[in-house]
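Good morning, everyone, and thank you for making time for this. Please have a look at the sequence and the model on the screen before I begin.

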Amino acid sequence: YKATVSVLYCANPLHGLMLRRCLPVLVRHPLPPFTEETARKKVQAAEDAWNSRDPAKIAMAYSEDTEWRNRDTFLKGREAVRQFLKGKWEREKDYKLVKHYFTHTDNKIAVTFQYEYTNQEGQLIRAYGNEHWTFDPEGYMKIRNASINDTVVDSRVIHGPQDGFPTGTGK
């Protein structure tokens with residue numbers, strides 16, 4: 001889901017209910033309020049983006065002033081997210097992620113996830129976690145809270161959708 005230009009209409013307080021055209025803004029579909037279908041699409045888009053391991057591409061899904069809690073790291077702003085992700089994938093090799101839709105409200109989505117990577121010591125690590133996402137009206141993630149636990153494992157279980165492992169659709 002790429003950002004697209006959308007025209008918003010705003011109420012003009014000087015003319016009651018009359019509408020005036022506002023400046024075009026970039027929006028990131030699907031937009032809140034979410035249905036279960038659109039929330040699942042947002043989850044799948046996030047899974048696909050994170051599996052690209054492209055910090056610049058992924059960072060564009062977040063608002064300019066996004067607020068993150070990732071484990072014990074607190075970030076503010078899209079550029080801080082991009083830098084964080086760049087460092088993450090310098091340390092975490094062979095990264096593969098699966099996200100699962102859990103629930104949603106109008107502008108929030110909760111997911112569970114697991115991912116695997118090889119650390120700098122050559123150990124295979126599996127991480128399990130939960131994320132709570134809050135979106136702005138333009139569809140950008142404004143808040144991301146992630147709780148994550150790691151464990152050393154002997155073999156991979158996440159290979160990719162082509163191997164039949166369930167994807168972010170939650171199925």
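Let me start with a question: which residues line the largest cavity? Before I answer, please keep in mind that this is a predicted model, and that the values I quote were computed from it.

The largest cavity is lined by Trp50, Asn70, Lys88, Tyr95, Leu97, Lys99, Phe113, Tyr115, Glu131, Arg144 and Ile148. If we ask which elements give two or more residues to that lining, the answer is E7, E8 and E10, and E7 gives the most, with three residues. In terms of chemistry, the lining divides into six nonpolar residues, one polar and four charged. As for its volume, the largest cavity holds about 60 Å³ of space, and the structure has one cavity of 30 Å³ or more.

Now I would like to take some of those lining residues one at a time, beginning with tryptophan 50. Leaving aside its neighbours within four places in sequence, tryptophan 50 is in contact with Ile58, Tyr62, Trp68, Leu85, Lys88, Trp89, Tyr95, Leu97, Lys99 and Arg144. Tryptophan 50 also appears in the largest nonpolar core, which has 30 residues, and there it is one of the members that touch the most others, together with Trp68, Leu85, Ile109, Tyr115 and Trp133. At least two residues of this core come from each of helix H1 (36-52), helix H2 (55-59), strand E5 (62-70), helix H3 (78-91), strand E7 (93-104), strand E8 (108-118), strand E9 (124-135) and strand E10 (141-152). As general background, nonpolar side chains in soluble globular proteins tend to be buried together.

Let us turn to the charged residues, and to two others from the lining. Arginine 144 forms a salt bridge with glutamate 131, and their closest N and O atoms are 2.6 Å apart. Because arginine 144 lies in strand E10 and glutamate 131 in strand E9, this pair ties together parts that are 13 residues apart in sequence. Are these two partners buried or exposed? Arginine 144 is buried, with a relative accessible area of 2%, and glutamate 131 is likewise buried, at 1% relative accessibility. Salt bridges that share partners also join Lys99, Glu131 and Arg144 into one network.

How many salt bridges does a search of the whole structure find? It finds 13, and I will describe two further ones, each within a helix.

In one of them, the side chains of lysine 41 and glutamate 37 meet, at 3.4 Å from N to O. These residues are four apart in helix H1, so about one helical turn separates them. Lysine 41 is partly exposed, with a relative accessible area of 35%, whereas glutamate 37 counts as exposed, at 53%.

In the other, arginine 82 pairs with glutamate 79, with the closest N and O atoms 2.7 Å apart. Here the partners are three residues apart in helix H3, so they too are separated by about one helical turn. Arginine 82 is partly exposed, at 25%, and glutamate 79 is also partly exposed, at 44%.

Finally, I would point you to glutamine 44, which lies in helix H1 and counts as buried, at 16% relative accessibility. Its C-alpha atom is separated by 8.6 Å from that of tyrosine 101, although the two residues are 57 residues apart along the chain.

Technical notes
Residues numbered from 1 in each chain as written. Predicted model: local features only at pLDDT ≥ 70, side-chain atom pairs only at ≥ 80, totals over all residues. Heavy atoms only, no water. Core = buried A, V, L, I, M, F, W, Y, C linked by side-chain atoms within 4.5 Å. Buried < 20%, exposed > 50% of the residue type's maximum accessible area, 1.4 Å probe, protein only. Contact = heavy atoms within 4.5 Å. Salt bridge = Lys/Arg side-chain N within 4 Å of Asp/Glu carboxyl O. 1 Å grid on protein atoms, 1.4 Å probe; cavity = no way out; pocket = protein on both sides within 12 Å on 5 of 7 lines; lining within 4 Å. Points joined across faces, edges and corners; volume = space filled by probe spheres on them. Nonpolar A, V, L, I, M, F, W, Y, C, P; charged D, E, K, R; others polar.
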